[in-house]
Amino acid sequence: MLVIGLTGGIGSGKTAASDYFSSLGITVVDADLASRTVVQPGQPALDQIAKRFGDHMINADLSLNRAALRELVFSDKQALKALEAITHPAIRTELLNQLQQSQSPYTILVSPLLLETNQHQLTDRVLLIDAEEKVQIDRTVQRDKVPSQQVEAIMAAQMPRHTKQSKADDIALNNGDLAALHGKLNALHQTYLKLAQNS
Ligand code: ATP
């Protein structure tokens, strides 16, 4: 099974790209969704979070108290490490399960943290959706109705664009319109179909 890891910075167009692969009939496994699945009520990772950080991390309806957890790990690096030690293996197992169930010729694993975590180890090839910083900021401001400084702060905390470029096998530059992006992705789709046939 050929797995293509799809990543990119904030507002680069990961969702736009993965939606297009989906429309071509390619299964898309989403690491963001998986990270929410593993902390649903009844999941072992949620119990571990309560044991490690206290019962106040769980709401009365048994869901994760995201605000409390965010506040804790924002100010405490050790706590963030401890949280990741709980969630990352659970997310990896969830992703592996979903990848194994895929029936399409190849599978896309979309993750904003593909290169920052060991999730890239689940992939055969990395596709970076890349856009100039100004484009990322403008599109995110428009989409989320947030100040540009907020987007810039998030970008500053992410892996630098040039580092991502150096780690990618394929790069789709997404500075133009959606038709231009789709054209580039369609060419990559043909390449991935051939790779899948030969693997
Ligand atoms: P995030 O990491 O913040 O979730 P993302 O990488 O998934 O972002 P998208 O949500 O796909 O990025 O794109 C950001 C915004 O820009 C969206 O509103 C999307 O519709 C728009 N967009 C993406 N690509 C293009 C394009 N080529 N032309 C016009 N708008 C685009």
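Me: Which residue stands opposite Leu-127 in S5?
Reply: Asp-170 does, in this predicted model. Leu-127 belongs to strand S4, residues 125-130, and Asp-170 belongs to strand S5, residues 170-173.

Me: What makes S4 and S5 a pair?
Reply: Pairing takes at least two bridges. S4 and S5 are joined by 4 bridges. The cut-off is met, so they count as paired. The two strands run parallel.

Me: How do you know the order of the strands in the sheet?
Reply: Follow the pairing. There are 5 strands, and they line up as S2-S3-S1-S4-S5. The pairing is parallel. Strands of a sheet can pair in parallel or antiparallel fashion, through backbone hydrogen bonds.

Me: Why is one side of S2 and of S5 left without a neighbour in the sheet?
Reply: Strand S2 (27-30) and strand S5 (170-173) each have a single partner strand, so one side of each has no neighbour in the sheet. Both stand at the edges. The sheet is open.

Me: By how many degrees are neighbouring strands of this sheet turned against each other?
Reply: The average is 25 degrees, direction ignored.

Me: What makes helix H5 a helix that packs on the sheet?
Reply: Contact requires heavy atoms within 4.5 Å. H5, residues 77-101, touches strand S1 (2-7), S2 and strand S3 (106-110). Those touches put H5 on the sheet. Its direction makes about 175 degrees with that of S2. Angles run from 0 to 180 degrees between N-to-C directions, so H5 and S2 point in nearly opposite directions.

Me: What space lies in the largest pocket, and which residues are closest to its centre?
Reply: The space is about 2,100 Å³. The lining has 48 residues, and Asp-32, Ser-35, Pro-112, Leu-113 and Gln-158 are the closest to the centre.

Me: Which helix gives the most to that lining?
Reply: H5 does, with 6 residues. Other helices supply at least two residues each, including H1 (14-23), H4 (66-75) and H7 (148-157). By class, the lining has 19 nonpolar, 16 polar and 13 charged residues.

Me: How do you know that the lining draws from both domain 1 and domain 2?
Reply: Each supplies at least three residues. Domain 1 is 1-26 + 107-199, and domain 2 is 32-103. Their centres are 24 Å apart, taken over C-alpha atoms. The contact between them takes 10 residues from domain 1 and 8 from domain 2.

Me: What volume has the second largest pocket, and what lines it?
Reply: Its volume is about 160 Å³. It has 15 lining residues, and Gly-9, Gln-136, Met-159, Pro-160 and Arg-161 are the closest to its centre. S4 gives the most, with 3 residues. H6 and helix H8 (161-167) each supply at least two.

Me: How do the residues of this second lining divide?
Reply: They divide into 6 nonpolar, 5 polar and 4 charged. Gly counts as polar, so Gly-9 falls in the polar class.

Terms used: Residues are numbered from 1 along each chain as its sequence is written. This is a predicted model: local features need pLDDT of at least 70, side-chain atom pairs count only at pLDDT 80 or more; totals for chains, interfaces and linings use all residues. Side-chain values use heavy atoms; hydrogens and water are left out. On a 1 Å grid over the protein atoms alone, a cavity is a set of points where a 1.4 Å probe fits but cannot get out, and a pocket is an open set with protein on both sides within 12 Å along at least five of seven lines; lining residues have an atom within 4 Å of a point. Grid points are joined across faces, edges and corners, and a volume is the space filled by probe spheres set on the points. Domain bounds come from an automatic or database domain assignment.
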